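Colleague: Please take one part of this model and go through it closely, giving the cut-off behind each term as you use it. I would like one connected account rather than a list.

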Amino acid sequence: MDTVFIEGLEVDTLIGAYDWERGIRQCLRLDLTLGWDIRPAARNDELDKALDYAKVTAAIDCFAQASRFELVETFAERLAAALMSEFGIPWLRLRVTKPGVNPRAKALGVEIERGCH
């Protein structure tokens, strides 16, 4: 299976389990690898048959703006489901990093893989 990737996409969202986090928006960094057969789009250079990066990133931005989760795990799980449903993505890998959580670590987060490839 071919893949389309988006690396280092930063979104602001309401995320966190602690009281002080519930009143501020925080940055999450997303790395996505999306399973997609690129041959139909490449055959005749047709954007409507491609996995449109602009539409995917716009959907991610909307999701992040509306999200109100305590856990990065929940953010990852729900975003993966939303993207797979909206765009018909059969498989994806999503890494969600929450920078600055621990001063001794560059970043902390989760990585999930969903679907079949």
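**Helix α2 and its surroundings**

Modeller: The residues of α2 that count as buried are V56, A59, I60, F63 and A64, where buried means under 20% relative accessible area, exposed over 50% and partly exposed in between, with a 1.4 Å probe and protein chains only. Around the helix axis these buried residues cover an arc of only 135°, and therefore they lie on the same side of α2; the arc is taken over the directions from the axis to the C-beta atoms. This is a predicted model, in which local features need pLDDT of at least 70 and side-chain atom pairs count only at pLDDT 80 or more, while totals for chains, interfaces and linings use all residues. Residues are numbered from 1 along each chain as its sequence is written, and side-chain values use heavy atoms, with hydrogens and water left out.

Helices (H or I, at least four residues) and strands (E, at least two) are DSSP runs, numbered from the N terminus. Helix α2 covers residues 53–66, and its 14 residues should span 20 Å at 1.5 Å a residue, which agrees with the 20 Å between its end C-alpha atoms; the expected span is 1.5 Å times one less than the number of residues. At the N-terminal end D52 acts as a cap, with a side-chain oxygen 2.9 Å from the backbone nitrogen of A54. A polar contact here is a pair of N or O atoms within 3.5 Å; within protein, one must be able to donate a hydrogen and the other to accept it, and residues adjacent in sequence count only if both atoms are side-chain atoms.

On the other side of α2, A54, K55, C62 and A66 are exposed. The buried residues, in turn, pack against β1 (3–15), β2 (26–35), β3 (68–69) and α3 (72–87), contact meaning heavy atoms within 4.5 Å. One of these buried residues, I60, touches L9, V11, L30, L32, L79 and L83, not counting residues up to four places away in sequence.

I60 also belongs to the largest nonpolar core, which has 31 residues, and those with the most contacts inside it are L30, I60, F75, L83, I89, L94 and V96; such a core is a set of buried Ala, Val, Leu, Ile, Met, Phe, Trp, Tyr and Cys residues joined through side-chain atoms within 4.5 Å. Two or more residues of this core come from each of β1, β2, α2, α3, β4 (91–99) and β5 (107–115), and α3 gives the most, with eight.

The aromatic rings call for a rule of their own: rings of Phe, Tyr and Trp (its six-membered ring) pair if their centres lie within 6.5 Å, with planes under 30 degrees apart counted as stacked, over 60 as edge-to-face and the rest as tilted. By this rule there are two aromatic pairs. The rings of F63 and F69 have centres 6.1 Å apart and planes at 35°, so this pair is tilted. For F63 and F75 the centres are 5.2 Å apart and the planes at 70°, so that pair is edge-to-face, and it links distant parts of the chain, F63 in helix α2 and F75 in helix α3, 12 residues apart. Together, the ring pairs join F63, F69 and F75 into a cluster. F63 counts as buried at 17% relative accessibility, F69 at 14% and F75 at 0%.
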